[in-house]
Each structure stands twice: as structure tokens, then as C-alpha cells.
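Work through the exercises below with the sequence and the 3D structure at hand. Try each task before reading its solution.

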Amino acid sequence: MYTVKIGLDAHLHDEFVAASGMPNLLQTSKWATIKSSWKSEIIGFYQDDRLVASSMVLIRPLPLGFTMLYIPRGILMDYTDKALLKFVLLELRKFGKSQKALFIKFDPAYKFDDAYDIMTNLTNAGVEYTGRTTEMHDTIQPRYNAVIYKEDFSEESLDKKTRQFIRKARNSYPEIVFGGKELVPVFAELMKKTEARKNVSLRNAEYYTKLLDTYGSDAFITLVKFDMAKVKKDMEANVAKIKDNQTKAKNEKRLKVLSEELAIAEKNISDISAFIAEKGEIIPVAGTLSINAFGAAETLYAGTDTAFQKYYPSYLVWFETIQHAFKNGADTLNMGGLENSLSEKDGLLKFKKHFNPRIEEYVGEFDLPVNKLLYKVANALYKRQKTKH
């Protein structure tokens, strides 16, 4: 005996997400608050008064009064239960019709290699699989993700080069700060620098504040600041040492090497003096914003001031973020999406691999047509619009 509940209590839904074995930030009831430009609904499915499937559904308006529905990282259910699957899809179609939806898109967080039965059952039930897409922008959420597992992570397990980069950052007298929306102004400035470098438009301070307000103690910003006055003092001591070595040098070759070292050291001091004059002695250099959803943490945004790149702040801020998430109850941390090609030339992949993530390929997107007459036309227009973006 199956029944459906439109407008399921958010607390019941979140409890189901937490116990699903596949908790995901995008299926939490609070995510609907973040996606405020979309309408939303939570739909629960019962078998003999027991909640057996649940979905937080986002409703996006389309021209002419139509909509599309999107269930991010859902539907949360047992896809091998064909009777349940048939009921869930039937009720979702009914709900879709009530919203004038042309189709319902969903992308369960199942790994591709484990999803053969899921794909088979869904396609046999009339759902269209959009395929093993090759470009990151082909899907709303990336199919490839770099996910760090608590049991895999420790400083000792990182490779020699990564530990060296972290050590170099620690030599810059870092101050590590974990906090909430009080850190947003500084974090937003770091994100602007990242946007300028990548020539992209991301989010603003208002959006970061909204994330932190919505998720409360489950959300945190990690900030790394360097004490550049102390760094300058070390460099001045190094200059004095080089000059002393010059007085003791006994051949031209050694003097030439020392002269080159001195020029570099004095240039570094000049650069740091300019930084201090502009920004002060304690300078924010890198930050991340992360949310822990029922043990599955995600770092949504990361920003770095590349003027300080030679001091490796991005390695330190990611290390501290991962460690803090695990200390505060996370079992995994998703570093975010990757290009589907997984090319070794991809700088993002190369960077994330420093932290020993598991590269997980998710199955991808499925479309449940609601208005079969208009679905193909609407989907073609949707794909064209996504390609432009």
C-alpha cells in the first residue's frame, strides 16, 4: 500500500536524507531556501505508513507559464524496488502536471560503475537517460567530483611535494581562522580576486551570508592570514646573511650566485613592503566556504590572492578546511566538480589530487517527460541555452 505526501515536513525529509546512506547537501530541505529564485516542494512516499522515498523538488519557471522540475542529487529511494519506482514516477508525473512541467530532471548521486541496474530500471520505466556526458557544462551538477574520505586523510599520507608546500605556507606566520558571517567581507574580497583571475562571475557577499545564515553551525569559512611583517623581518635577516657571505666569497662564480640571490631577496622585500603599505601587516591570503550536511561536507567556494602564490596559501587553506570538517563530524568532504575529460593538463584536477581524493564519476542526469508533446522541443531549447552559458 503506497501513499504520497505533497508538502512533507522538512524535518522528516532531512531525517530521511541523513539515514539514506547517500546524504547530500543539495537534497537538504534548506537548499530550497538558497535556491530562492526557484519554487520548491518536498514530496514523501510511504509504504504502509513508513517513509520509503523522499525528494526536495525545485520548480523553475519557463516561458508561457510552463515549468521544469529538478531534483538535485535525488530521487532518494531504492531504485531496485520496481513497484516503488513505478509508484514514485507516476506520482511525480502527476505533480509535474499540476505545475505545468514539461519534464522532471534528476541526478542521483550514484557512481556510474554501480548504476547499471538503476539505469536499466529507469529507462524501462520510461525515463530518458541523458548519457555519459563528456563536458562539465552538459549537466547541472558535475558528474565528476573529487571526494576526500576521512579514513584516507592525514598530513602524513600526503605526498612529499604537498607537505613541502604546506610547510612553506606555515613559514609565513599564518593565522588560521574558522568562523561564520563575520568573515564574509574579507572572504568576498578574496573571491573577487579569484573571479578576476578566472574571468568568471561567481557570487557576492549577500549570497555567502545567506549560506551561513541558513546552515548555521554546519557552515563555516576558513581564512588564512599571513603576518607579512614577520616574513619581511626573516627576509631582511636573509639579506644580511647573503651580504655577509659575499664578504667571505673567494671566487667569481660564488660571488655571481650570491649577487643573484641578493637581487631576488631584495626584490621580495620590496614587494612585501608594498603589500604592507597597501594592506597592513596581517593580510588575508586565502579562504574557503564549506557546509557539512549529515556527515557529507562540501566546499562550495575557494578564493586566493595570487599576489601571494609563491607562499602557497591555497594548499594550507584546503588542508585546514579538510581537517576542520573531519574534526567536526564530517566523514567525507567534496572538493567540488571536475571536467569530465580528467585530463592531466587540467590544473584544477592536478591541484585537487594533492589531497588524495577519490575521483568519483556519478551516473548523470535522467529526464522524466511530463508533457510528451512538448518535451523534445523544450529539452532541445534547454540544452542550447545551457551551451550558451
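**Exercise 1. Decide whether Phe351 and Phe355 are buried or exposed, then describe how their rings pair.**

Solution. Start with the cover. Both Phe351 and Phe355 are buried; buried means under 20% relative accessible area, exposed over 50%, and partly exposed in between (1.4 Å probe, protein chains only). This is a predicted model: local features need pLDDT of at least 70, side-chain atom pairs count only at pLDDT 80 or more, and totals for chains, interfaces and linings use all residues. Residues are numbered from 1 along each chain as its sequence is written, and side-chain values use heavy atoms, leaving out hydrogens and water.

Next, the rings. A pair of aromatic rings is described by the distance of the centres and the angle of the planes. Rings of Phe, Tyr and Trp (its six-membered ring) pair if their centres lie within 6.5 Å; planes under 30 degrees apart count as stacked, over 60 as edge-to-face and the rest as tilted. For Phe351 and Phe355 the centres are 5.7 Å apart and the planes stand at 65°, so the pair is edge-to-face.

Last, look around the pair. Phe351 and Phe355 belong to one aromatic cluster with Phe165, Tyr312 and Tyr315.

**Exercise 2. Find how many aromatic pairs the whole structure holds, and examine the one formed by Tyr207 and Tyr301.**

Solution. The search of the whole structure gives 22 aromatic pairs. Tyr207 and Tyr301 form one that is edge-to-face, at 6.3 Å centre to centre with 90° between the planes. Now place the partners. Tyr207 is in helix H7 (residues 205–215) and Tyr301 in strand S11 (residues 296–304), so the pair links distant parts of the chain, 94 residues apart. Helices (H or I, at least four residues) and strands (E, at least two) are DSSP runs, numbered from the N terminus. Finally, check the cover: both Tyr207 and Tyr301 are buried.

**Exercise 3. Count the salt bridges, then trace where the partners Arg132 and Glu361 lie.**

Solution. Begin with the rule. A salt bridge is a side-chain nitrogen of Lys or Arg within 4 Å of a carboxyl oxygen of Asp or Glu. By this rule the count is 18. Arg132 and Glu361 meet in one of them, at 2.8 Å from N to O. Arg132 sits in the loop between strand S6 (128–129) and strand S7 (144–149), while Glu361 is in strand S13; 229 residues separate these distant parts of the chain. Then compare the cover. Arg132 is partly exposed at 45% relative accessibility, whereas Glu361 is buried at 12%.

**Exercise 4. Which parts of the chain does the salt bridge of Arg170 and Glu155 tie together?**

Solution. First, the contact: the side chains of Arg170 and Glu155 meet at 2.7 Å, N to O. Second, the places. Arg170 lies in helix H5 and Glu155 in the loop between S7 and H5, so the pair ties together parts that are 15 residues apart in sequence. Third, the cover. Arg170 is partly exposed at 34% relative accessibility, and Glu155 is partly exposed at 24%.

**Exercise 5. Locate Lys193 and Asp305, and say how exposed or buried each one is.**

Solution. Lys193 forms a salt bridge with Asp305, and their closest N and O atoms are 3.9 Å apart. Lys193 is in helix H6 (residues 184–198). Asp305 is in the loop between S11 and helix H10 (313–327), 112 residues away from Lys193 in the chain. At 34% relative accessibility, Lys193 counts as partly exposed. Asp305 counts as buried, at 5%.

**Exercise 6. Where do Leu64 and Asn356 lie, and what is the sign of phi in each?**

Solution. Recall the background: most residues other than glycine have a negative phi, and most peptide bonds are trans. Leu64 has a positive phi, near 65°. Its place is the loop between strand S3 (50–61) and S4. Leu64 is exposed, with a relative accessible area of 74%. Asn356 also has a positive phi, about 60°. Asn356 lies in the loop between helix H11 (347–352) and strand S13 (358–361), and is partly exposed at 27% relative accessibility. Now turn to the peptide bonds. The one from Gly74 to Ile75 is cis, with omega near 5°.
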